[in-house]
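Let's take a friendly tour of a protein and its ligand. Please have the sequence and the 3D view open as you read.

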Amino acid sequence: MHIIEAADYEDMSLKAWEVLQHKLPRIQVLGLATGGTPVGMYDHLIKAVQNKQADVSHLHTVNLDEYIGLSTCDPNSYYMFMKEKLFGPLGLPEDKVHLPHGDAENPQAEGKRYEDLIQSLGGVDLQVLGIGKNGHIGFNEPGSEMDGRTSVVQLASSTVEANARFFENEEEVPKTAITMGIGTILEAGEILLLASGKNKAHAVKCMIEGEVTSYCPASALQKHPKVTVVADREALSEMN
Ligand code: F6R
């Protein structure tokens, strides 16, 4: 793993953007994450496209995950989050942005459809990841299969709690999701993982220095040959 240390969230966002910017012309399929961590990097991407310093017209995007039960029109869906934070400002056409359908009648079959879609696009060239404070990547919680495919998962209670900040209250947070599996994520050509803040420090340490174990799903990334971690000082504060 290549580790890039940043001073704080702003610096992490800039350094992560510099990594992405350099690779962008060669990326056809960009894997994206929701959550608070990548938003600063997305803002840099938006600015660069608006200033004509970057081009995304060739891109397809595939997101990691979506809550089950929320349609694309639901303000709390990850689709809406991405539309507001990235797809809208970038002017990406609907047919080039992809997330699992949270309101699919058969969520298991939707997982399979999403896997097939990724294959039909030629696979993910670069996957952007955040990390949960319990070490999850996507919504692959501790105990997940380390070679799993896109499927229906149960969210850990700490994840429901952490994500309640985007909802009116914790009861509204869906308890299940469709997520790319760890096996799916590991098939990406490259991985760019971002982490910021003290509450990620333990997960970051386990990911980089711990043994590869499903107790820390992000530790699976040690098996990938091309991972760049951009993390701020607080997120790296438990490293040896
Ligand atoms: C988001 C995702 C999650 C988040 C993680 C960190 O699509 O799959 O793994 O990356 O929960 O979330 P934030 O960035 O909000 O701390």
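## Polar contacts to the ligand

In this predicted model, a polar side-chain atom of His136 comes to 2.6 Å from an oxygen atom of the ligand. Arg165 also offers a polar side-chain atom, lying 2.7 Å from a ligand oxygen. Lys200 joins in as well: an N or O atom of the Lys200 side chain is 2.7 Å from an oxygen atom of the ligand. Taken alone, the ligand would expose 410 Å², and the protein buries 93% of that area.

## The shell and the pocket

Let's step back from single contacts to the surroundings. The ligand is surrounded by 14 residues, and the closest are Thr37, Asp65, His136, Gly138 and Lys200. So what is the make-up of the shell around the ligand: how many residues are nonpolar, polar and charged? Eight are polar, while three are nonpolar and another three are charged.

And which pocket does the ligand take up? The space that the ligand occupies is the largest pocket.

## The sheet

Now for the strands. Seven of them form an open sheet with parallel pairing, and their order is E1-E10-E9-E6-E2-E3-E5. At the edges you will find strand E1 (2–6) and strand E5 (97–98), each of which pairs on one side only.

For a look inside the sheet, try strand E2 (residues 29–32) and strand E3 (residues 60–63): the two run parallel and are joined by four bridges. Where does Leu30 find its bridge partner in E3? That partner is Thr61.

Definitions and conventions: Residues are numbered from 1 along each chain as its sequence is written. This is a predicted model: local features need pLDDT of at least 70, side-chain atom pairs count only at pLDDT 80 or more; totals for chains, interfaces and linings use all residues. Side-chain values use heavy atoms; hydrogens and water are left out. A residue is near a molecule or strand if one of its heavy atoms lies within 4 Å of it. A polar contact is a pair of N or O atoms within 3.5 Å; within protein, one must be able to donate a hydrogen and the other to accept it, and residues adjacent in sequence count only if both atoms are side-chain atoms. Accessible areas come from the Shrake-Rupley method with a 1.4 Å probe; for residues, only the protein chains shown count as cover. On a 1 Å grid over the protein atoms alone, a cavity is a set of points where a 1.4 Å probe fits but cannot get out, and a pocket is an open set with protein on both sides within 12 Å along at least five of seven lines; lining residues have an atom within 4 Å of a point. A molecule sits in a cavity or pocket if more than half of its atoms lie within 2 Å of its grid points. Ala, Val, Leu, Ile, Met, Phe, Trp, Tyr, Cys and Pro count as nonpolar, Asp, Glu, Lys and Arg as charged, and the others, Gly among them, as polar. Two strands pair if DSSP finds at least two bridges between them.
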